[in-house]
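User: I'd like to practise reading a model feature by feature. Could you take me through this one?

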Amino acid sequence: MGTREIRRKPPAAVRREVLADPCAYCDDDATHVDHIVPLAQGGTDDRENLAPACRWCNEEKLDFTPEQWRAWREERGMPWPPVPRFARMWEAIAATAAQFTEEDFRAAGY
Ligand SMILES: [Zn+2]
């Protein structure tokens with residue numbers, strides 16, 4: 001209980017307004033309100049510090065600022081900006097499917 005709990009959750013009207021836009025990082029559907037500068041690094045709950053984020057970006061960004069997150073991704077050879085989750089899934093599926101011929105599928109009983 002206390003003001004800290006309240007401060008961590010923006011008012012419903014603010015949430016709705018923030019989430020009206022797609023993920024600020026990958027353009028996927030936004031479901032989370034991201035603190036651009038994380039609270040852990042001194043960020044505030046002010047509207048200008050809030051950005052829409054999809055679940056995947058929000059979980060990966062965690063307590064990074066966008067600059068730190070970008071550096072973290074680049075160190076790992078990951079693309080910037082992040083590719084939306086579903087686009088990545090479809091790419092993986094297409095790449096896998098491309099390895100098989102029609103005969104492979106027939107042989108497998110499809
Ligand atoms: Zn995203």
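User: Let's start with a single residue: is D27 buried, partly exposed or exposed?

Analyst: Happy to help, and please keep in mind that this is a predicted model. Burial here is judged by counting neighbours: 20 or more other C-beta atoms within 10 Å make a residue buried, and 12 or fewer make it exposed. D27 has 16 other C-beta atoms within 10 Å, so it is partly exposed. This residue sits in the loop between α2 (12-19) and β1.

User: What is the value of phi at D27?

Analyst: First the background: most residues other than glycine have a negative phi, and most peptide bonds are trans. D27 departs from that habit, with a positive phi near 75°. L62 is another non-glycine residue with a positive phi, of about 45°. L62 lies in the loop between α3 and α4, and it counts as exposed because it has 11 C-beta neighbours inside 10 Å.

User: And which peptide bond is cis?

Analyst: The bond from W80 to P81 is cis, its omega being near -5°. P81 belongs to the loop between α4 and α5. P81 is also among the residues that C26 touches, along with C54, C57, P82, V83 and P84, leaving aside residues up to four places away in sequence. G77 is in that loop between α4 (66-75) and α5 (85-98) too; with 6 other C-beta atoms within 10 Å, G77 is exposed.

User: How do I read the strands? Which residues cover the two faces of β2?

Analyst: The general idea is that side chains in a regular strand alternate between the two faces of the sheet. In β2, L50 and P52 lie on one side and A51 and A53 on the other, and all of them are buried. The partner strand is β1 (residues 32-35), which runs antiparallel to β2 and is joined to it by 4 bridges. One of the pairings is H32 with A53.

User: Which residues make up the largest nonpolar core?

Analyst: That core has 10 residues: C23, Y25, C26, A30, L50, A51, A53, C54, W56 and C57. Two or more of them come from each of β2 (50-53) and α3 (55-61), with β2 giving the most, 3 residues.

User: Turning to helices, how many residues of α5 are buried?

Analyst: The count is 0 among its 14 residues, so α5 is hardly covered, given the cut-off of 20 neighbours for a buried residue. Its length is easy to check as well: at 1.5 Å a residue the helix should span 20 Å, and its end C-alpha atoms are 20 Å apart, which agrees. Over in α3, E59 counts as exposed, with 10 C-beta neighbours inside 10 Å. E59 is 27 residues from H32 in sequence, yet their C-alpha atoms are 9.4 Å apart.

User: What does the whole chain look like?

Analyst: It has 6 helices and 2 strands, in the order α-α-β-β-α-α-α-α from the N terminus. The radius of gyration is 19 Å, well over the 13 Å that the globule rule gives for 110 residues, so the chain is more spread out than a compact globule. Its C-alpha trace spans about 65 × 30 × 25 Å along the principal axes, and 15% of the 110 residues count as buried.

User: Where is confidence lowest, and where is it highest?

Analyst: A useful habit first: where pLDDT is low, the predicted coordinates should not be read in detail. Confidence is lowest in helix α1 (residues 3-8), at a mean of 54, and highest in β2, at 97. The chain averages 89, and 93% of the residues score at least 70.

Notes: Residues are numbered from 1 along each chain as its sequence is written. This is a predicted model: local features need pLDDT of at least 70, side-chain atom pairs count only at pLDDT 80 or more; totals for chains, interfaces and linings use all residues. A nonpolar core is a set of buried Ala, Val, Leu, Ile, Met, Phe, Trp, Tyr and Cys residues joined through C-beta atoms within 7 Å. Two residues are in contact if their C-beta atoms, placed from the backbone, lie within 7 Å. The radius of gyration is taken over C-alpha atoms; the globule rule is 2.2 Å times the number of residues to the power 0.38. Two strands pair if DSSP finds at least two bridges between them. pLDDT is the predictor's confidence in each residue, from 0 to 100. The expected span of a helix is 1.5 Å times one less than its number of residues.
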